[in-house]
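Take a moment to look over the protein and the nucleic acid that accompanies it before reading on. The paragraphs below move from the places where the two meet to the spaces and covered parts inside the protein.

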Protein chains: 2
Amino acid sequence: MLESQRRAVSRGTMLRRERDPADGLWVLQSGWAVSALGMPDGSRQITKVHLPGDVMGTPGAALSGGTETVSMLTGGMVSTFSRAQLTSVFRDHPRLSALFFVLVQVERLSLCDRLASIGRTDARARIAALLLDLAHRSRLADPAMGDRLALPMTQEDIGDAVGLTAVHVNRMMRVLADEGLIEREAGAVRLLDEANLARISGYVSRWSEPDTSWLPKPAE
Amino acid sequence: MLESQRRAVSRGTMLRRERDPADGLWVLQSGWAVSALGMPDGSRQITKVHLPGDVMGTPGAALSGGTETVSMLTGGMVSTFSRAQLTSVFRDHPRLSALFFVLVQVERLSLCDRLASIGRTDARARIAALLLDLAHRSRLADPAMGDRLALPMTQEDIGDAVGLTAVHVNRMMRVLADEGLIEREAGAVRLLDEANLARISGYVSRWSEPDTSWLPKPAE
DNA sequence: CGGTAATTTGAAGAGCCTCAACTAGGGTGG
DNA sequence: CCACCCTAGTTGAGGCTCTTCAAATTACCG
(Lines give C-alpha, C1' and ligand atoms only; values in the text may rest on other atoms or scores of the structure.)
Protein backbone atom coordinates (compact mmCIF):
# COMPACT_ATOMS: atom_id res chain seq x y z
CA MET A 1 0.00 0.00 0.00
CA LEU A 2 1.66 3.20 -1.15
CA GLU A 3 -0.48 5.94 0.32
CA SER A 4 -0.41 6.45 4.03
CA GLN A 5 -2.47 8.62 6.35
CA ARG A 6 -5.48 10.53 5.23
CA ARG A 7 -5.96 13.75 7.06
CA ALA A 8 -8.74 16.30 7.20
CA VAL A 9 -7.57 19.89 6.77
CA SER A 10 -9.58 23.07 7.14
CA ARG A 11 -9.73 26.12 4.95
CA GLY A 12 -6.61 28.26 5.22
CA THR A 13 -4.38 25.47 6.52
CA MET A 14 -0.82 25.77 5.28
CA LEU A 15 0.48 22.30 4.54
CA ARG A 16 3.91 23.72 3.94
CA ARG A 17 5.48 27.13 4.18
CA GLU A 18 8.13 28.33 1.80
CA ARG A 19 11.12 27.81 4.08
CA ASP A 20 10.03 24.55 5.65
CA PRO A 21 12.42 21.60 5.33
CA ALA A 22 11.67 19.17 2.56
CA ASP A 23 9.44 16.30 3.48
CA GLY A 24 7.03 14.25 1.42
CA LEU A 25 4.25 15.12 -0.91
CA TRP A 26 0.47 15.06 -0.80
CA VAL A 27 -2.40 13.84 -2.86
CA LEU A 28 -5.40 16.13 -2.60
CA GLN A 29 -8.43 13.89 -2.06
CA SER A 30 -11.09 16.57 -1.80
CA GLY A 31 -11.23 20.35 -1.68
CA TRP A 32 -9.13 22.97 -3.44
CA ALA A 33 -5.60 24.16 -2.65
CA VAL A 34 -2.93 26.44 -4.10
CA SER A 35 0.85 26.41 -4.34
CA ALA A 36 2.40 29.87 -4.22
CA LEU A 37 5.67 31.75 -4.09
CA GLY A 38 6.01 34.82 -1.87
CA MET A 39 7.74 37.94 -3.17
CA PRO A 40 9.97 40.22 -1.11
CA ASP A 41 7.40 43.04 -1.30
CA GLY A 42 4.76 40.86 0.33
CA SER A 43 2.79 39.97 -2.76
CA ARG A 44 2.54 36.40 -3.95
CA GLN A 45 2.34 34.44 -7.17
CA ILE A 46 0.11 31.38 -7.23
CA THR A 47 1.97 28.80 -9.26
CA LYS A 48 -0.77 26.19 -9.35
CA VAL A 49 -4.38 25.76 -8.34
CA HIS A 50 -4.86 22.19 -7.12
CA LEU A 51 -8.06 20.24 -7.70
CA PRO A 52 -9.05 16.92 -6.14
CA GLY A 53 -6.77 14.18 -7.40
CA ASP A 54 -3.75 16.44 -7.83
CA VAL A 55 -0.33 15.57 -6.49
CA MET A 56 0.99 18.52 -4.47
CA GLY A 57 4.44 19.42 -3.24
CA THR A 58 6.61 17.39 -5.63
CA PRO A 59 9.35 20.05 -5.79
CA GLY A 60 9.65 19.97 -2.03
CA ALA A 61 9.92 16.21 -2.11
CA ALA A 62 12.62 16.08 -4.75
CA LEU A 63 14.74 19.06 -3.73
CA SER A 64 16.45 20.01 -0.51
CA GLY A 65 15.16 23.41 0.47
CA GLY A 66 11.55 24.28 1.00
CA THR A 67 10.12 25.81 -2.10
CA GLU A 68 6.47 26.69 -2.41
CA THR A 69 3.82 27.42 0.15
CA VAL A 70 0.93 24.98 -0.15
CA SER A 71 -2.33 26.13 1.43
CA MET A 72 -5.96 25.08 1.38
CA LEU A 73 -8.58 27.25 -0.34
CA THR A 74 -11.36 25.13 1.16
CA GLY A 75 -11.58 22.40 3.73
CA GLY A 76 -10.68 18.98 2.39
CA MET A 77 -8.82 15.73 2.75
CA VAL A 78 -5.20 15.06 1.87
CA SER A 79 -3.21 11.86 1.98
CA THR A 80 0.53 12.01 2.51
CA PHE A 81 3.35 10.30 0.71
CA SER A 82 6.73 10.09 2.40
CA ARG A 83 10.06 10.53 0.67
CA ALA A 84 10.96 6.95 1.52
CA GLN A 85 7.93 5.79 -0.45
CA LEU A 86 9.05 7.87 -3.41
CA THR A 87 12.46 6.22 -3.22
CA SER A 88 10.95 2.76 -3.32
CA VAL A 89 8.80 3.64 -6.31
CA PHE A 90 11.86 4.59 -8.33
CA ARG A 91 13.73 1.51 -7.16
CA ASP A 92 11.01 -1.06 -7.73
CA HIS A 93 8.54 0.26 -10.27
CA PRO A 94 10.10 1.41 -13.54
CA ARG A 95 6.81 2.01 -15.27
CA LEU A 96 5.40 3.99 -12.39
CA SER A 97 8.61 6.04 -12.29
CA ALA A 98 8.18 6.91 -15.93
CA LEU A 99 4.54 7.82 -15.29
CA PHE A 100 5.72 10.21 -12.60
CA PHE A 101 8.07 11.68 -15.12
CA VAL A 102 5.26 12.16 -17.61
CA LEU A 103 3.07 13.70 -14.94
CA VAL A 104 5.70 16.29 -14.08
CA GLN A 105 6.15 17.04 -17.77
CA VAL A 106 2.46 17.79 -18.09
CA GLU A 107 2.74 20.15 -15.14
CA ARG A 108 5.79 21.75 -16.63
CA LEU A 109 4.02 22.34 -19.92
CA SER A 110 1.02 23.73 -18.13
CA LEU A 111 3.30 26.20 -16.40
CA CYS A 112 4.72 27.21 -19.77
CA ASP A 113 1.22 27.90 -21.00
CA ARG A 114 0.51 30.11 -18.03
CA LEU A 115 3.83 31.86 -18.52
CA ALA A 116 2.77 32.66 -22.06
CA SER A 117 -0.65 33.74 -20.88
CA ILE A 118 0.75 36.15 -18.30
CA GLY A 119 3.67 37.31 -20.40
CA ARG A 120 1.91 37.78 -23.67
CA THR A 121 -1.84 38.36 -23.23
CA ASP A 122 -3.98 41.05 -21.61
CA ALA A 123 -5.98 40.81 -18.41
CA ARG A 124 -9.23 39.64 -19.98
CA ALA A 125 -7.47 36.83 -21.83
CA ARG A 126 -5.58 35.70 -18.74
CA ILE A 127 -8.75 35.32 -16.74
CA ALA A 128 -10.47 33.50 -19.58
CA ALA A 129 -7.53 31.10 -19.82
CA LEU A 130 -7.60 30.41 -16.08
CA LEU A 131 -11.32 29.71 -16.11
CA LEU A 132 -11.02 27.36 -19.07
CA ASP A 133 -8.14 25.52 -17.49
CA LEU A 134 -10.04 25.01 -14.25
CA ALA A 135 -13.17 23.98 -16.13
CA HIS A 136 -11.37 21.39 -18.24
CA ARG A 137 -9.68 19.90 -15.21
CA SER A 138 -12.87 19.88 -13.15
CA ARG A 139 -14.61 18.14 -16.01
CA LEU A 140 -12.12 15.28 -15.91
CA ALA A 141 -13.30 14.46 -12.41
CA ASP A 142 -16.94 15.32 -13.02
CA PRO A 143 -18.01 15.04 -16.67
CA ALA A 144 -21.55 15.97 -15.64
CA MET A 145 -20.64 19.43 -14.40
CA GLY A 146 -21.90 21.03 -17.58
CA ASP A 147 -20.98 24.69 -17.95
CA ARG A 148 -21.06 25.45 -14.24
CA LEU A 149 -17.62 25.75 -12.67
CA ALA A 150 -17.46 25.77 -8.88
CA LEU A 151 -14.89 28.43 -8.06
CA PRO A 152 -13.91 28.73 -4.39
CA MET A 153 -11.35 31.47 -5.07
CA THR A 154 -11.56 35.12 -4.12
CA GLN A 155 -10.85 37.70 -6.79
CA GLU A 156 -7.63 38.35 -4.93
CA ASP A 157 -6.68 34.68 -5.39
CA ILE A 158 -7.46 34.90 -9.08
CA GLY A 159 -5.33 38.00 -9.34
CA ASP A 160 -2.44 36.24 -7.60
CA ALA A 161 -2.74 33.40 -10.09
CA VAL A 162 -2.74 35.49 -13.26
CA GLY A 163 -0.64 38.47 -12.17
CA LEU A 164 -3.30 41.13 -11.68
CA THR A 165 -4.79 43.11 -8.82
CA ALA A 166 -8.12 42.08 -7.32
CA VAL A 167 -9.65 45.35 -8.50
CA HIS A 168 -8.74 44.70 -12.10
CA VAL A 169 -9.88 41.09 -11.91
CA ASN A 170 -13.25 42.40 -10.81
CA ARG A 171 -13.52 44.77 -13.76
CA MET A 172 -12.44 42.19 -16.31
CA MET A 173 -14.88 39.58 -15.01
CA ARG A 174 -17.59 42.14 -15.37
CA VAL A 175 -16.49 42.70 -18.97
CA LEU A 176 -16.57 38.95 -19.67
CA ALA A 177 -20.05 38.82 -18.16
CA ASP A 178 -21.23 41.86 -20.15
CA GLU A 179 -19.97 40.19 -23.31
CA GLY A 180 -22.09 37.16 -22.51
CA LEU A 181 -19.08 34.87 -22.23
CA ILE A 182 -19.62 34.01 -18.57
CA GLU A 183 -22.31 34.34 -15.95
CA ARG A 184 -21.40 34.88 -12.34
CA GLU A 185 -22.93 33.14 -9.37
CA ALA A 186 -21.99 32.91 -5.72
CA GLY A 187 -18.89 30.73 -5.55
CA ALA A 188 -19.28 29.61 -9.14
CA VAL A 189 -19.12 30.72 -12.75
CA ARG A 190 -21.03 29.56 -15.80
CA LEU A 191 -18.99 29.36 -18.98
CA LEU A 192 -21.55 30.35 -21.58
CA ASP A 193 -19.28 30.35 -24.62
CA GLU A 194 -16.21 28.21 -24.24
CA ALA A 195 -15.32 28.45 -27.92
CA ASN A 196 -15.02 32.21 -27.76
CA LEU A 197 -13.29 32.12 -24.40
CA ALA A 198 -10.71 29.83 -25.98
CA ARG A 199 -10.39 32.12 -28.98
CA ILE A 200 -9.71 35.27 -27.01
CA SER A 201 -7.31 33.56 -24.61
CA GLY A 202 -5.41 31.28 -26.98
CA TYR A 203 -6.13 28.43 -24.59
CA VAL A 204 -5.34 24.88 -25.62
CA SER A 205 -6.02 21.94 -23.35
CA ARG A 206 -2.97 19.90 -22.42
CA TRP A 207 -4.99 17.44 -20.39
CA SER A 208 -6.07 15.26 -23.28
CA GLU A 209 -4.00 12.12 -23.23
CA PRO A 210 -0.35 11.91 -22.24
CA ASP A 211 1.61 9.57 -24.45
CA THR A 212 2.32 6.31 -22.66
CA SER A 213 3.56 4.40 -25.69
CA TRP A 214 7.20 4.85 -24.78
CA LEU A 215 6.90 3.69 -21.16
CA PRO A 216 8.55 0.46 -20.03
CA LYS A 217 6.13 -2.47 -20.24
CA PRO A 218 4.19 -3.28 -17.07
CA ALA A 219 6.17 -6.51 -17.08
CA GLU A 220 6.37 -7.64 -13.48
CA MET B 1 26.46 4.13 -24.73
CA LEU B 2 23.44 6.31 -24.16
CA GLU B 3 24.05 9.35 -26.30
CA SER B 4 23.96 8.93 -30.01
CA GLN B 5 24.80 11.26 -32.87
CA ARG B 6 26.36 14.61 -32.39
CA ARG B 7 25.27 17.14 -34.91
CA ALA B 8 26.41 20.64 -35.77
CA VAL B 9 23.58 23.14 -36.08
CA SER B 10 23.74 26.70 -37.28
CA ARG B 11 22.22 29.83 -35.84
CA GLY B 12 18.47 30.00 -36.38
CA THR B 13 17.99 26.27 -36.88
CA MET B 14 14.69 25.03 -35.55
CA LEU B 15 15.27 21.64 -33.98
CA ARG B 16 11.57 21.25 -33.48
CA ARG B 17 8.50 23.24 -34.40
CA GLU B 18 5.46 23.47 -32.19
CA ARG B 19 3.29 21.03 -34.12
CA ASP B 20 5.95 18.49 -34.98
CA PRO B 21 5.37 14.91 -33.91
CA ALA B 22 7.05 13.87 -30.70
CA ASP B 23 10.48 12.38 -31.08
CA GLY B 24 13.43 12.32 -28.76
CA LEU B 25 15.28 14.97 -26.85
CA TRP B 26 18.59 16.76 -27.18
CA VAL B 27 21.55 17.65 -25.07
CA LEU B 28 23.01 20.99 -26.01
CA GLN B 29 26.77 20.52 -26.22
CA SER B 30 27.73 24.03 -27.22
CA GLY B 31 25.97 27.24 -28.19
CA TRP B 32 22.74 28.78 -26.93
CA ALA B 33 19.15 27.83 -27.75
CA VAL B 34 15.62 28.74 -26.68
CA SER B 35 12.36 26.88 -26.22
CA ALA B 36 9.30 28.96 -27.02
CA LEU B 37 5.54 28.87 -27.38
CA GLY B 38 3.86 30.78 -30.18
CA MET B 39 0.73 32.82 -29.52
CA PRO B 40 -2.22 33.16 -31.90
CA ASP B 41 -1.42 36.84 -32.49
CA GLY B 42 2.05 35.98 -33.75
CA SER B 43 4.00 36.91 -30.66
CA ARG B 44 5.94 34.30 -28.73
CA GLN B 45 6.90 33.48 -25.18
CA ILE B 46 10.33 32.04 -24.58
CA THR B 47 9.91 29.41 -21.90
CA LYS B 48 13.56 28.61 -21.40
CA VAL B 49 16.96 29.82 -22.51
CA HIS B 50 19.22 26.81 -22.92
CA LEU B 51 22.93 26.91 -22.12
CA PRO B 52 25.53 24.26 -22.97
CA GLY B 53 24.85 21.11 -20.99
CA ASP B 54 21.10 21.60 -20.88
CA VAL B 55 18.66 18.87 -21.80
CA MET B 56 16.18 20.22 -24.32
CA GLY B 57 12.82 18.99 -25.53
CA THR B 58 11.81 16.74 -22.63
CA PRO B 59 8.11 17.62 -22.92
CA GLY B 60 8.12 16.57 -26.53
CA ALA B 61 9.76 13.30 -25.61
CA ALA B 62 7.33 12.43 -22.83
CA LEU B 63 4.06 13.65 -24.35
CA SER B 64 2.30 12.89 -27.57
CA GLY B 65 1.80 16.16 -29.38
CA GLY B 66 4.55 18.53 -30.32
CA THR B 67 4.79 21.23 -27.74
CA GLU B 68 7.47 23.86 -27.83
CA THR B 69 9.55 25.24 -30.63
CA VAL B 70 13.26 24.71 -29.98
CA SER B 71 15.59 26.94 -31.96
CA MET B 72 19.25 27.88 -31.90
CA LEU B 73 20.32 31.37 -30.89
CA THR B 74 23.87 30.67 -32.03
CA GLY B 75 25.59 27.93 -33.93
CA GLY B 76 26.44 24.91 -31.81
CA MET B 77 26.48 21.18 -31.31
CA VAL B 78 23.64 19.00 -30.11
CA SER B 79 23.51 15.31 -29.37
CA THR B 80 20.25 13.46 -29.72
CA PHE B 81 18.56 11.01 -27.43
CA SER B 82 15.85 8.76 -28.84
CA ARG B 83 12.64 7.86 -27.08
CA ALA B 84 13.72 4.23 -27.03
CA GLN B 85 16.79 5.21 -25.05
CA LEU B 86 14.61 7.05 -22.58
CA THR B 87 12.50 3.93 -22.17
CA SER B 88 15.53 1.82 -21.39
CA VAL B 89 16.77 4.29 -18.81
CA PHE B 90 13.54 4.01 -16.88
CA ARG B 91 13.54 0.23 -17.22
CA ASP B 92 17.14 -0.42 -16.26
CA HIS B 93 18.46 2.50 -14.24
CA PRO B 94 16.35 3.41 -11.21
CA ARG B 95 18.79 5.96 -9.87
CA LEU B 96 19.16 7.67 -13.21
CA SER B 97 15.37 7.75 -13.54
CA ALA B 98 15.09 9.50 -10.21
CA LEU B 99 17.82 11.94 -11.26
CA PHE B 100 15.77 12.77 -14.34
CA PHE B 101 12.84 13.36 -12.07
CA VAL B 102 14.87 15.72 -9.90
CA LEU B 103 16.14 17.50 -12.99
CA VAL B 104 12.64 18.17 -14.23
CA GLN B 105 11.65 19.39 -10.79
CA VAL B 106 14.44 21.93 -10.84
CA GLU B 107 13.19 23.10 -14.23
CA ARG B 108 9.67 23.26 -12.95
CA LEU B 109 10.71 25.36 -9.98
CA SER B 110 12.71 27.62 -12.21
CA LEU B 111 9.61 28.17 -14.31
CA CYS B 112 7.68 29.05 -11.18
CA ASP B 113 10.28 31.66 -10.33
CA ARG B 114 9.98 33.19 -13.75
CA LEU B 115 6.21 33.12 -13.48
CA ALA B 116 6.50 35.11 -10.27
CA SER B 117 8.99 37.45 -11.88
CA ILE B 118 6.73 38.18 -14.84
CA GLY B 119 3.49 38.18 -12.88
CA ARG B 120 4.60 40.19 -9.91
CA THR B 121 7.56 42.45 -10.71
CA ASP B 122 8.19 45.40 -13.02
CA ALA B 123 10.24 45.48 -16.19
CA ARG B 124 13.53 46.47 -14.59
CA ALA B 125 13.30 43.65 -12.04
CA ARG B 126 12.42 41.08 -14.69
CA ILE B 127 15.47 41.89 -16.75
CA ALA B 128 17.68 41.87 -13.67
CA ALA B 129 16.33 38.45 -12.72
CA LEU B 130 16.95 37.07 -16.21
CA LEU B 131 20.52 38.35 -16.25
CA LEU B 132 21.25 36.89 -12.83
CA ASP B 133 19.77 33.54 -13.79
CA LEU B 134 21.87 33.35 -16.94
CA ALA B 135 24.97 34.46 -15.07
CA HIS B 136 24.58 31.88 -12.33
CA ARG B 137 24.04 29.11 -14.83
CA SER B 138 26.93 30.22 -17.03
CA ARG B 139 29.13 30.27 -13.97
CA LEU B 140 28.41 26.60 -13.27
CA ALA B 141 30.04 25.73 -16.56
CA ASP B 142 32.73 28.40 -16.38
CA PRO B 143 33.58 29.52 -12.85
CA ALA B 144 36.23 31.83 -14.27
CA MET B 145 33.80 33.99 -16.20
CA GLY B 146 33.90 36.66 -13.52
CA ASP B 147 31.26 39.35 -13.92
CA ARG B 148 31.18 39.20 -17.70
CA LEU B 149 28.15 37.38 -19.08
CA ALA B 150 28.21 36.48 -22.76
CA LEU B 151 24.73 37.22 -24.01
CA PRO B 152 23.95 36.17 -27.58
CA MET B 153 20.34 37.35 -27.40
CA THR B 154 18.74 40.28 -29.15
CA GLN B 155 16.69 42.68 -27.08
CA GLU B 156 13.68 41.21 -28.82
CA ASP B 157 14.67 37.76 -27.52
CA ILE B 158 15.03 39.17 -24.01
CA GLY B 159 11.61 40.76 -24.32
CA ASP B 160 10.09 37.47 -25.45
CA ALA B 161 11.61 35.79 -22.41
CA VAL B 162 10.37 38.25 -19.79
CA GLY B 163 7.16 39.45 -21.40
CA LEU B 164 8.17 42.90 -22.64
CA THR B 165 8.64 44.67 -25.94
CA ALA B 166 12.11 45.11 -27.37
CA VAL B 167 11.73 48.88 -27.06
CA HIS B 168 11.08 48.71 -23.37
CA VAL B 169 13.87 46.20 -22.81
CA ASN B 170 16.19 48.71 -24.38
CA ARG B 171 15.06 51.50 -22.07
CA MET B 172 15.27 49.39 -18.95
CA MET B 173 18.75 48.12 -19.77
CA ARG B 174 19.81 51.70 -20.16
CA VAL B 175 18.35 52.43 -16.73
CA LEU B 176 20.25 49.49 -15.20
CA ALA B 177 23.41 50.77 -16.85
CA ASP B 178 22.78 54.35 -15.66
CA GLU B 179 22.32 53.03 -12.15
CA GLY B 180 25.72 51.39 -12.37
CA LEU B 181 24.29 47.91 -11.94
CA ILE B 182 25.41 46.63 -15.31
CA GLU B 183 27.74 47.65 -18.10
CA ARG B 184 26.90 46.83 -21.66
CA GLU B 185 29.28 45.47 -24.26
CA ALA B 186 28.80 43.97 -27.71
CA GLY B 187 27.18 40.58 -27.19
CA ALA B 188 27.86 40.64 -23.48
CA VAL B 189 26.96 42.32 -20.20
CA ARG B 190 29.01 42.96 -17.09
CA LEU B 191 27.15 42.52 -13.83
CA LEU B 192 28.72 45.21 -11.70
CA ASP B 193 26.58 44.76 -8.60
CA GLU B 194 24.99 41.35 -8.31
CA ALA B 195 23.89 41.92 -4.73
CA ASN B 196 21.76 44.89 -5.71
CA LEU B 197 20.51 43.21 -8.86
CA ALA B 198 19.32 40.35 -6.64
CA ARG B 199 17.74 42.78 -4.22
CA ILE B 200 15.69 44.64 -6.81
CA SER B 201 14.60 41.47 -8.60
CA GLY B 202 13.97 39.15 -5.66
CA TYR B 203 16.15 36.59 -7.39
CA VAL B 204 17.19 33.46 -5.55
CA SER B 205 19.37 30.83 -7.14
CA ARG B 206 17.80 27.38 -7.41
CA TRP B 207 20.89 25.89 -8.98
CA SER B 208 22.77 25.27 -5.76
CA GLU B 209 22.52 21.59 -5.01
CA PRO B 210 19.54 19.35 -5.66
CA ASP B 211 18.90 16.89 -2.88
CA THR B 212 20.04 13.42 -3.88
CA SER B 213 19.74 11.87 -0.44
CA TRP B 214 16.43 10.21 -1.21
CA LEU B 215 17.50 8.63 -4.50
CA PRO B 216 17.77 4.86 -4.80
CA LYS B 217 21.32 3.65 -4.15
CA PRO B 218 23.61 3.29 -7.17
CA ALA B 219 23.53 -0.43 -6.37
CA GLU B 220 24.20 -2.22 -9.63
C1' DC C 1 30.64 48.47 -49.23
C1' DG C 2 25.76 47.85 -49.73
C1' DG C 3 21.88 45.87 -47.38
C1' DT C 4 19.64 44.10 -43.65
C1' DA C 5 19.16 43.32 -38.77
C1' DA C 6 19.52 45.35 -34.31
C1' DT C 7 19.57 49.20 -31.31
C1' DT C 8 18.23 53.73 -29.91
C1' DT C 9 15.27 57.64 -29.08
C1' DG C 10 10.85 60.36 -29.09
C1' DA C 11 5.91 61.13 -28.54
C1' DA C 12 1.39 59.70 -27.65
C1' DG C 13 -1.90 56.59 -25.89
C1' DA C 14 -3.78 52.27 -23.65
C1' DG C 15 -3.87 49.22 -19.88
C1' DC C 16 -3.36 48.32 -15.39
C1' DC C 17 -2.47 49.96 -10.67
C1' DT C 18 -3.25 52.71 -6.54
C1' DC C 19 -6.06 54.88 -3.47
C1' DA C 20 -10.37 55.43 -1.59
C1' DA C 21 -15.05 54.90 -0.54
C1' DC C 22 -19.03 52.26 -0.45
C1' DT C 23 -22.01 47.83 -0.49
C1' DA C 24 -23.21 43.18 0.61
C1' DG C 25 -22.85 38.99 3.03
C1' DG C 26 -21.77 35.85 7.11
C1' DG C 27 -20.41 34.96 11.38
C1' DT C 28 -20.03 36.21 16.36
C1' DG C 29 -21.01 37.94 20.78
C1' DG C 30 -23.88 40.54 23.67
C1' DC D 1 -32.36 38.40 17.95
C1' DC D 2 -29.97 42.16 16.70
C1' DA D 3 -25.64 44.91 16.49
C1' DC D 4 -21.35 44.54 15.08
C1' DC D 5 -17.33 43.32 12.51
C1' DC D 6 -14.62 41.39 9.12
C1' DT D 7 -14.10 39.71 4.63
C1' DA D 8 -15.16 40.04 -0.19
C1' DG D 9 -16.91 42.44 -3.89
C1' DT D 10 -17.87 46.85 -6.42
C1' DT D 11 -17.12 51.32 -8.43
C1' DG D 12 -14.72 55.86 -9.45
C1' DA D 13 -10.75 58.97 -10.32
C1' DG D 14 -6.15 59.75 -11.31
C1' DG D 15 -1.46 58.42 -12.32
C1' DC D 16 2.32 55.52 -13.77
C1' DT D 17 4.17 51.75 -16.56
C1' DC D 18 4.48 49.78 -20.62
C1' DT D 19 3.11 49.65 -25.52
C1' DT D 20 2.67 51.38 -30.11
C1' DC D 21 4.16 53.75 -33.92
C1' DA D 22 7.74 56.03 -36.19
C1' DA D 23 12.17 57.45 -37.46
C1' DA D 24 17.07 57.72 -37.03
C1' DT D 25 21.42 55.55 -35.94
C1' DT D 26 24.55 51.81 -35.44
C1' DA D 27 26.26 47.13 -36.00
C1' DC D 28 26.71 43.11 -38.66
C1' DC D 29 27.31 40.02 -42.81
C1' DG D 30 27.95 38.77 -47.34
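Which atom of DNA strand D is 3.2 Å from an N or O atom in the side chain of Arg171(A)? In this predicted model, the atom in question is a base nitrogen of DNA strand D, and its partner is an N or O atom in the side chain of Arg171(A). The other protein chain reaches a base as well, for a polar side-chain atom of Arg171(B) lies 3.3 Å from a base oxygen of DNA strand D. The backbone of the strand is also approached, and here a polar side-chain atom of Gln155(A) lies 2.8 Å from a phosphate oxygen of DNA strand D.

These contacts belong to a wider surface, since 16 residues surround DNA strand D, and the closest of them are Gln155(A), Asn170(A), Arg174(A), Ala123(B) and His168(B). Of the atoms of DNA strand D that come within 4 Å of the protein, 66% are accounted for by sugar and phosphate. Helix H6 of chain A and helix H6 (166–178) of chain B each supply at least two residues of this surface, and the largest share, 4 residues, comes from H6(A). Sorted by class, the residues near DNA strand D divide into 4 nonpolar, 6 polar and 6 charged.

Turning now to DNA strand C, the reader will find that 16 residues surround it, the closest being Ala123(A), Gln155(B), Asn170(B), Arg174(B) and Arg184(B). Among the atoms of DNA strand C within 4 Å of the protein, 74% belong to sugar or phosphate, while the rest belong to bases. Phosphate oxygens of DNA strand C take part in several contacts: one is 3.1 Å from an N or O atom in the side chain of Thr165(A), a polar side-chain atom of Gln155(B) lies 2.6 Å from a phosphate oxygen, and a polar side-chain atom of Arg184(B) lies 2.4 Å from a phosphate oxygen. Here too H6 of chain A and H6 of chain B each supply at least two residues of the surface, but for DNA strand C the largest share, 4 residues, comes from H6(B). The surface near DNA strand C has 4 nonpolar, 6 polar and 6 charged residues.

From the DNA we can move to helix H5 of chain A, which spans residues 155–162 and is mostly covered, with 6 of its 8 residues buried. Those buried residues are Asp157(A), Ile158(A), Gly159(A), Asp160(A), Ala161(A) and Val162(A). What lies over them includes strand E5 (44–50), H3, helix H4 (123–141) and helix H6 (166–178) of chain A, together with H3 of chain B, and so the cover is drawn from both chains. Just after H5(A), Gly163(A) takes a positive phi of about 75 degrees.

Strand E5 of chain A, one of the elements covering H5(A), contains Lys48(A). Why is Lys48(A) classed as buried? Lys48(A) is buried because its relative accessible area is 8%, and the limit for that word is under 20%. The side chain of Lys48(A) has a partner, for a polar contact of 2.9 Å joins it to the side chain of Glu107(A).

Glu107(A) leads us to the enclosed spaces, as it is one of the residues lining the second largest cavity. That cavity holds about 60 Å³ of space, and its lining also includes His50(A), Met56(A), Leu103(A), Gln105(B) and Arg108(B). Strand E6 (55–56) and helix H3 (94–120) of chain A, along with H3 of chain B, each supply at least two residues of this lining, and H3(A) gives the most, with 3 residues. By class, the lining of the second largest cavity divides into 4 nonpolar, 4 polar and 2 charged residues.

The count of cavities of 30 Å³ or more comes to 3, and the largest of them contains about 110 Å³ of space. Of the 13 residues that line the largest cavity, Thr47(B), Lys48(B), Ser110(B), Arg114(B) and Arg137(B) are the closest to its centre. Strand E5 (44–50), helix H3 (94–120) and helix H4 (123–141) of chain B each supply at least two residues of the lining of the largest cavity, which is made up of 5 nonpolar, 2 polar and 6 charged residues.

Terms used. Residues are numbered from 1 along each chain as its sequence is written. Chains are lettered from A and ligands numbered from 1 in the order in which they are written. This is a predicted model: local features need pLDDT of at least 70, side-chain atom pairs count only at pLDDT 80 or more; totals for chains, interfaces and linings use all residues. Side-chain values use heavy atoms; hydrogens and water are left out. On a 1 Å grid over the protein atoms alone, a cavity is a set of points where a 1.4 Å probe fits but cannot get out, and a pocket is an open set with protein on both sides within 12 Å along at least five of seven lines; lining residues have an atom within 4 Å of a point. Grid points are joined across faces, edges and corners, and a volume is the space filled by probe spheres set on the points. Ala, Val, Leu, Ile, Met, Phe, Trp, Tyr, Cys and Pro count as nonpolar, Asp, Glu, Lys and Arg as charged, and the others, Gly among them, as polar. Buried means under 20% relative accessible area, exposed over 50%, partly exposed in between (1.4 Å probe, protein chains only). Contact means heavy atoms within 4.5 Å. A residue is near a molecule or strand if one of its heavy atoms lies within 4 Å of it. A polar contact is a pair of N or O atoms within 3.5 Å; within protein, one must be able to donate a hydrogen and the other to accept it, and residues adjacent in sequence count only if both atoms are side-chain atoms.
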